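Biologist: I am new to this structure and would like to learn how to read a few of its features. Could you take me through them one at a time?

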Amino acid sequence: MKFKMFLLVVAICALGCNKKSNVKEVVISNKDTLNQEVFHEEYENEPEEVALEELKFPITGKNAEAFVLEPCEIKMRAEGFLNEDNLKDIVIVLQNKSNRADSRATLVLLQQETGIYKLQELSWEAVGQEYLESGSPFYDVGEISIDKDKTLHILLEGMAPVGSRETVYKYVNNKLVLIKIRTFHSGAGSYVSSKYDLVSGEVDHEVVNTLYDSLPSEHQIEKFKLKRQILFTNDNPDTILENLPQANW
């Protein structure tokens, strides 16, 4: 009789242990499922990357900030008189604040008599991207200004061998036209400064020999002829330079 009672107690204990084990497995299973659901929710809410060239900028705005759409930020800004109406205009360079290798937009905003600004010119070519797709810096330093002679100056600088490039634009027959390009490059034993006048069709290359303390220099002057006007909206200055006379140095 005592032996039968002992077997009954053992059986009851074994049954209790199995129930506890099952409960523990269920809890773990529920926890894993919950974590997986949270992961999918976070993945689905991740925002998509927007390229600036996909944006549609407004035609008019009360100030420069009205043209700064997401994900843009103003990288460079200049104010001055570009056309002949004696109303102060604004030029801004917009950059993608979440992707520094994205194309940069340069907007020319002409002030109207009502005080609002009109998007007169838009260029994806006038200012190159800050970084290459590889992550290397390109034109990572720059500034823009509007001079007293109503010309727009865009100065860009990059790490060697990129060098520096300044472009000068002026309104001609209601079109913003590239009239001058200045470049500077340094190399082993010398550096060269080039001044291109796209109106007269002449370039002056000044080549300086840095191997001597006196820094002797020479000027190489050449003529060239353009087939058409180089426009702010359409033409990349770097591409134009590839077809212009280069210095021998």
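**Reading burial, contacts and a pocket**

Modeller: This is a predicted model, and we can begin with burial: Ile154 has a relative accessibility of 0%, so it counts as buried, since buried means under 20%.

Biologist: Where does Ile154 lie, and which residues outside its sequence neighbourhood is Ile154 in contact with?

Modeller: Ile154 belongs to strand β7, which covers residues 151-158. Setting aside neighbours within four places in sequence, its contacts include Ala126, Val127, Glu143, Ile144, Tyr169 and Phe232. With Ile144, the C-alpha atoms are 4.6 Å apart, although the two residues are separated by ten places in sequence.

Biologist: How should I read a charged residue such as Arg104, and what is the nearest side chain of opposite charge?

Modeller: A salt bridge requires a side-chain nitrogen of Lys or Arg within 4 Å of a carboxyl oxygen of Asp or Glu. Arg104, in the loop between β3 (89-96) and β4 (105-111), is buried yet has no salt bridge, and the nearest oppositely charged side chain, that of Glu130, is 4.6 Å away. The Arg104 side chain does make a polar contact with the side chain of Gln95 at 3.2 Å, and it also reaches the backbone oxygen of Gly128 at 2.8 Å.

Biologist: How much space lies in the largest pocket, and which residues are closest to its centre?

Modeller: The largest pocket holds about 360 Å³ of space. Its lining has 19 residues, of which Val162, Thr183, His185, Leu241 and Gln246 are the closest to the centre. At least two lining residues come from each of β8 (164-172), β9 (175-187), β10 (190-197) and α2 (237-242).

How values were computed:
Residues are numbered from 1 along each chain as its sequence is written. This is a predicted model: local features need pLDDT of at least 70, side-chain atom pairs count only at pLDDT 80 or more; totals for chains, interfaces and linings use all residues. Side-chain values use heavy atoms; hydrogens and water are left out. Helices (H or I, at least four residues) and strands (E, at least two) are DSSP runs, numbered from the N terminus. Buried means under 20% relative accessible area, exposed over 50%, partly exposed in between (1.4 Å probe, protein chains only). Lys and Arg count as positive and Asp and Glu as negative; His and the chain ends are not counted. A polar contact is a pair of N or O atoms within 3.5 Å; within protein, one must be able to donate a hydrogen and the other to accept it, and residues adjacent in sequence count only if both atoms are side-chain atoms. On a 1 Å grid over the protein atoms alone, a cavity is a set of points where a 1.4 Å probe fits but cannot get out, and a pocket is an open set with protein on both sides within 12 Å along at least five of seven lines; lining residues have an atom within 4 Å of a point. Grid points are joined across faces, edges and corners, and a volume is the space filled by probe spheres set on the points. Contact means heavy atoms within 4.5 Å.
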